[in-house]
Each structure stands twice: as C-alpha cells, then as structure tokens.
Amino acid sequence: MKYKHFLFEASSVLRSLVRSTDDPFDFLEKAMNAQKTGKLKLRVRGAANARELLAYWYAVKNREKK
C-alpha cells in the first residue's frame, strides 16, 4: 500500500486538523505534535512524512473549494 493512499484513509484526528487550520504549516506543526503525543498514528518517514502531510492538506482543501 502506498503511503499517500494511507493518508487519505487516515484517522478522524487528521481530518479534523485539516478542517481546523487554514495555514498548511500550522497544520503540519499540529500534526507532528499529535504524532509525537500518540494521538495520531502514522508511519515515521522524516521529510517524506512532512511532504505527504502537506500534500494531503492541499488535496483536502482543494476538494472543499470545488
């Protein structure tokens, strides 16, 4: 399973973080903190993780605009 596909099936914590933030970097910070505290369970991949999270945020926000 690809990592990107895993993000689109992510938990409600991640979806609520996307909906509650308008700034992608604020979202990234909150998602990383949630991952550190154990509220969000994602595979740790370093910089690739950050890129995938930002891509997920942009995809959800673009879908909401349509």
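Begin by selecting helix 3 (residues 24-37) and helix 4 (residues 47-65), where helices are DSSP runs of H or I with at least four residues, strands are runs of E with at least two, and both are numbered from the N terminus. Across this pair, Pro24, Phe25, Phe27, Leu28, Ala31, Met32 and Gln35 of helix 3 meet Asn49, Ala50, Leu53, Leu54, Tyr56, Trp57 and Tyr58 of helix 4, contact meaning heavy atoms within 4.5 Å. Sorted by class, the residues of this contact are 12 nonpolar, two polar and no charged, with Ala, Val, Leu, Ile, Met, Phe, Trp, Tyr, Cys and Pro counted as nonpolar, Asp, Glu, Lys and Arg as charged, and the others, Gly among them, as polar.

The model is predicted, so that local features need pLDDT of at least 70 and side-chain atom pairs count only at pLDDT 80 or more, whereas totals for chains, interfaces and linings use all residues. Residues are numbered from 1 along each chain as its sequence is written, and side-chain values use heavy atoms, with hydrogens and water left out.

With the same two helices still selected, turn to their geometry: helix 3 and helix 4 pack at an angle of about 125°, with their axes 10 Å apart. Axes here are lines fitted to C-alpha atoms, for helices over the stretch in contact, and angles run from 0 to 180 degrees between N-to-C directions. The angle of about 125° makes helix 3 oblique to helix 4, given that angles under 35 degrees count as roughly parallel, over 145 as roughly antiparallel, 65 to 115 as roughly perpendicular and the rest as oblique. Helix 3 passes helix 4 in a right-handed crossing, a crossing being right-handed if the near helix is turned clockwise from the far one by less than a right angle, and left-handed if anticlockwise.

Next, centre the view on Leu54, which is found in helix 4. Leu54 is buried, with a relative accessible area of 17%, where buried means under 20% relative accessible area, exposed over 50% and partly exposed in between, using a 1.4 Å probe and protein chains only. Leaving aside residues up to four places away in sequence, Leu54 touches Pro24, Phe25 and Leu28. From Leu54 to Phe27 the C-alpha to C-alpha distance is 8.1 Å, although the two are 27 residues apart in sequence.

Now add helix 2 (residues 12-20), whose buried residues are Leu14, Leu17 and Val18. These three cover an arc of only 100° around the axis, which puts them on the same side of helix 2; the arc is that of the directions from the helix axis to the C-beta atoms. An α-helix has 3.6 residues a turn, so residues three or four places apart point the same way.

Keep helix 2 and show helix 3 beside it: the two pack at an angle of about 155°, with their axes 10 Å apart, and they are therefore roughly antiparallel to each other. Their crossing is right-handed. Leu14, Leu17 and Val18 of helix 2 make the contact with Phe27, Lys30, Ala31 and Ala34 of helix 3, and the residues of this contact divide into six nonpolar, no polar and one charged.

Then swap helix 3 for helix 4, since the tour has one more helix pair. The axes of helix 2 and helix 4 come within 10 Å and cross at roughly 65°, and helix 2 passes helix 4 in a right-handed crossing. Here Leu14, Arg15, Val18 and Arg19 of helix 2 meet Leu53, Tyr56, Trp57, Val60, Lys61 and Glu64 of helix 4, a contact with six nonpolar, no polar and four charged residues.Two residues of helix 4 deserve a selection of their own. Lys61 counts as buried at 12% relative accessibility, and, not counting residues up to four places away in sequence, Lys61 touches Val18, Arg19, Thr21 and Asp22. Glu64, also in helix 4, is partly exposed, with a relative accessible area of 43%, and Glu64 lies 9.6 Å from Arg19, C-alpha to C-alpha, with their positions 45 residues apart in sequence.

Move on to Lys39, in the loop between helix 3 and helix 4, which counts as exposed at 62% relative accessibility. Lys39 touches Val13 and Ala34, residues up to four places away in sequence not being counted.

Finally, show the whole protein, whose secondary structure comes to four helices and zero strands. Of its 66 residues, 36% count as buried.
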